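Student: Could we go through this structure together, with the reasons behind each label spelled out?
Tutor: Gladly; ask away.

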Amino acid sequence: MALGTVPRFSIVVPCHASRAWLRPCLDSVLSQSFTDFEVIGVDDADPDGSGRILDEYAAADPRVRALHLDENIGLGLTRNAGLKECRGEYVLFLDADDVWLPGSLEAIATRIDDTNQPDIVMFDYERIFWDGRAVGSQRHDAFAREGAGVFTAAERPIFLTFLEVVWNKAYRRAFLTRHGFAFTSGFYEDAPWTYSTMLTAERIATLDRIVVHYRQHRTGGNIHATSGRKQWDIFDQYDRVHAFIQSDPELAGWRRFAFDRSLDHIVAVLAKPERIDTDDRADFFHAAHAFAKRWKPEGYTADRTARGFKRWLLIHDDYATYSTLKLSARMLHVHSPRKRVGQILRRAKLDPNLAAYTAYWFKQYACNPRAIYEKAAELAPHLRGVWVVDNDHLSAIPEGVEYVVADSPAYQKLLSKAKYFVSNMNWPKDLDKREGQVHLQTQHGTPLKTMGTDLRNFPQAGEGLDLEELMREVDRWDFNLSSNRYSSEIWERTYPAYFEELEYGYPRNDRLLTATLDEVRAIRAGFGYDDSHLVILYAPTFRDGIDSVRLPTGLMDLGGTGLRLDPDQLADAAGERGRVLVRTHYSLSTAPESHSGKVLDVSRHPRVEDLMLAADVLVSDYSSITFDYANLDRPIMLHVEDQGFYNDRRGTYFDVTEFPPGVVARSADELFAALRNGTFATPEAAKHRHLYREKFCEFDDGQAAERVVRRVFLGETDVPAIVPLADRSPAPSAYFVHNG
């Protein structure tokens with residue numbers, strides 16, 4: 001946007017603790033069909049990286065400006081900071097975790113023109129819950145019934161009975177400037193702003209259209225998840241509302257209306273245990289009585305309704321009756337306790353030095369849990385680590401590693417006594433987490449495929465998905481491991497629960513950063529390869545509904561291999577000294593066919609990190625192995641012939657063809673040609689790989705396991721700092737060292 005140009009709209013997006021939702025928010029604005037706008041994103045000294053995301057969008061789109069505050073000042077004052085930067089004819093506010101529906105700005109602009117530039121245009125919204133449910137605003141029918149033309153609040157007071165928020169309106173900037181409207185500090189800052197702007201506006205119009213999807217966080221969000229004395233701000237904010245009304249004799253008729261509305265809001269907050277702790281409820285109630293005493297209109301009598309009775313209790317400071325009614329209501333909703341296997345055993349005293357480990361649904365001794373287990377033996381030898389494995393996979397456990405068989409009495413005893421639980425998948429749903437137990441979810445890859453709650457949008461991939469059960473399992477997580485901030489955003493959005501994100505890197509990838517050339521050569525020698533062999537690791541993912549199907553207990557094999565390339569042809573394309581290691585997805589059991597001595601099936605090899613170290617080139621598709629392998633800074637090739645099918649069936653978070661780790665081939669012939677002519681190892685391919693590594697290898701520096709052990713097991717918060725990407729020395733490729 002040219003300097004001095006006045007856009008039609010200025011959109012203020014305040015950001016704090018919102019990184020998981022900020023991208024969808026900004027995307028919903030930037031993808032609007034109406035394009036004459038500016039976005040002022042205000043970073044309220046956000047510690048979680050929202051400011052970095054704003055900078056990223058500002059660099060990519062001139063309509064976006066990022067404003068960074070030096071200290072956290074709260075939502076209201078953050079909006080003020082953005083408001084000062086606005087140049088548009090109309091100002092809109094959008095919270096960083098909400099989104100606009102397509103076509104919304106165009107509809108607002110049209111309505112402004114049709115109503116001859118009103119002071120305020122008010123529009124509708126829906127609440128969007130974590131499981132995808134959409135619930136309309138309670139009074140949405142008022143738009144069609146009473147929203148015609150232009151009016152004042154006095155003429156149509158129903159529009160002041162909506163939720164007191166700022167983000168369901170467009171404000172004429174000249175109107176805001178003329179009256180000097182500004183937000184106040186503290187919680188519930190929307191109330192003074194809403195009353196003062198709506199009661200001052202001489203011309204209000206409405207738009208009968210759902211514009212905002214107002215996100216309802218499962219874990220609460222900002223004010224909803226905050227308990228303590230900050231909730232007392234509601235009294236200060238409504239003091240301002242009543243003071244504003246009393247300051248103007250022409251607003252005297254609004255005193256009773258505002259009084260009832262403020263008491264209703266206070267009662268609603270009082271009823272929410274996530275906001276008002278049980279021990280604070282009486283204190284809050286008495287403060288509410290003092291508020292009511294300050295502002296009760298002369299001659300006021302409460303309505304003879306349930307709502308009016310609650311107001312009456314506040315006015316008369318009758319906490320005894322309120323608390324009795326509250327207790328009675330709670331007793332009516334007491335649920336019977338669920339019986340569980342091993343319930344008596346789980347009364348045993350926890351062993352503070354006992355940790356339970358498992359990987360891939362009790363089938364492997366592998367991945368991040370293995371790396372953490374081995375590092376714990378070094379740094380925390382007082383801990384006793386015990387692995388859980390099912391009866392069909394006992395051979396996966398190496399000699400000397402203590403284990404129990406899943407569902408055995410020893411397993412039940414382990415669950416009852418272990419303090420720590422480490423896994424790269426969810427433990428079975430019947431595991432009753434005890435107080436004092438600590439769960440670490442390590443994950444087992446960077447998410448390209450859609451995950452968690454997002455699977456509800458892909459019926460075939462998410463077949464049998466029970467979101468409520470999934471959330472009960474996720475609620476057990478105390479820590480969740482992430483290898484980059486991209487992943488953190490997705491984990492926090494798709495697994496909405498109260499866990500601490502450990503941005504430490506993946507422990508299984510430590511080996512990729514610490515292995516020596518001699519170790520690489522030794523691994524290759526185990527497969528019969530020397531430095532002269534160009535070794536290709538072919539590791540495709542599975543296709544939902546074709547190769548396997550997702551069940552609550554994990555992935556069920558359907559008999560596919562996931563292979564979309566002929567391994568023998570792949571080996572031939574690599575030349576006379578070309579060799580191929582084929583690694584099918586861990587959920588698949590069918591062995592790939594090969595007719596060449598150049599191809600080796602390593603699908604059951606116990607350690608994928610060693611396969612990556614052995615390989616000079618990776619060939620894959622949508623598998624998360626590409627993110628891990630990128631740590632080695634070796635060539636990567638993607639075969640995406642069925643990208644359209646895969647996106648429809650499973651979905652991806654970004655288009656790998658737009659942001660690839662190397663060469664992208666849309667057919668087998670194209671991939672084979674890139675191998676033959678050396679395109680896979682050109683500087684252009686290396687440039688793509690470098691950008692990929694910067695984004696996705698952010699925390700993998702060879703010290704991830706140590707960070708985890710120190711933080712989770714030893715309780716240390718001062719863990720080794722992340723080594724910058726430029727200072728890391730990945731394990732070298734034997735072939736490329738040999739060939740200069």
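Tutor: What follows is a talk about helices, rings, cavities and backbone angles.

Tutor: Please keep in mind that this is a predicted model, where local features need pLDDT of at least 70, side-chain atom pairs count only at pLDDT 80 or more, and totals for chains, interfaces and linings use all residues. Residues are numbered from 1 along each chain as its sequence is written, and side-chain values use heavy atoms, with hydrogens and water left out.

Student: How do you know that the span of helix α1 agrees with its 12 residues?
Tutor: Helices are DSSP runs of H or I with at least four residues, strands are runs of E with at least two, and both are numbered from the N terminus. The expected span of a helix is 1.5 Å times one less than its number of residues. For α1, residues 19-30, that gives 16 Å, and the end C-alpha atoms are 17 Å apart, so the two agree.

Student: What makes α1 mostly covered?
Tutor: A residue is buried under 20% relative accessible area, exposed over 50% and partly exposed in between, using a 1.4 Å probe and protein chains only. In α1, 10 of the 12 residues are buried, among them W21, C25 and L30.

Student: Which residues of helix α3 are buried, and what covers them?
Tutor: Helix α3 (residues 75-84) has 7 of its 10 residues buried: G76, T78, R79, N80, A81, G82 and L83. Their cover includes strands β1 (9-15), β2 (37-43), β3 (64-68) and β4 (90-93), together with helices α6 (173-179) and α7 (190-200).

Student: Why is T541 called buried?
Tutor: Its relative accessibility is 0%, so T541 counts as buried. T541 is found in the loop between β17 (534-538) and β18 (548-551). Contact means heavy atoms within 4.5 Å, and, leaving aside neighbours within four places in sequence, T541 is in contact with K449, D547, G562, H585, D621, Y622, S623 and Y646.

Student: Is E593 buried or exposed?
Tutor: Exposed, because its relative accessibility is 64%. E593 lies in the loop between β20 (578-582) and β21 (599-601). D568 is 25 residues from E593 in sequence, with 9.1 Å from C-alpha to C-alpha.

Student: How many aromatic pairs does a search of the whole structure find?
Tutor: The search finds 52. Rings of Phe, Tyr and Trp (its six-membered ring) pair if their centres lie within 6.5 Å; planes under 30 degrees apart count as stacked, over 60 as edge-to-face and the rest as tilted. The rings of Y125 and W167 have centres 5.1 Å apart and planes at 85°, so this pair is edge-to-face. Y125 belongs to strand β6 (residues 120-129) and W167 to the loop between α5 (141-146) and β8 (169-172), so the pair links distant parts of the chain, 42 residues apart.

Student: Why is the pair of W167 and Y214 called tilted?
Tutor: Their ring centres are 4.7 Å apart and their planes stand at 45°, so the pair is tilted. Y214 is in strand β9 (residues 204-216), so the pair ties together parts 47 residues apart in sequence. W167 is buried at 2% relative accessible area, and Y214 counts as buried at 11%.

Student: What makes R133 sit over the ring of F129?
Tutor: The rule asks for NZ of Lys or CZ of Arg within 6 Å of the ring centre and within 35 degrees of the ring normal. R133 lies over the face of F129, at 4.3 Å from the ring centre. R229 lies over the face of W232 in this way too, at 3.9 Å.

Student: What is notable about the phi of Y360?
Tutor: Most residues other than glycine have a negative phi. Y360 is not a glycine, yet it has a positive phi of about 50°. Y360 lies in the loop between β10 (351-358) and α13 (367-379), and it is buried, because its relative accessible area is 8%.

Student: Where is A17, and what is its phi?
Tutor: A17 is in the loop between β1 and α1, with a positive phi near 50°. Just after α4, N116 takes a positive phi of about 60°.
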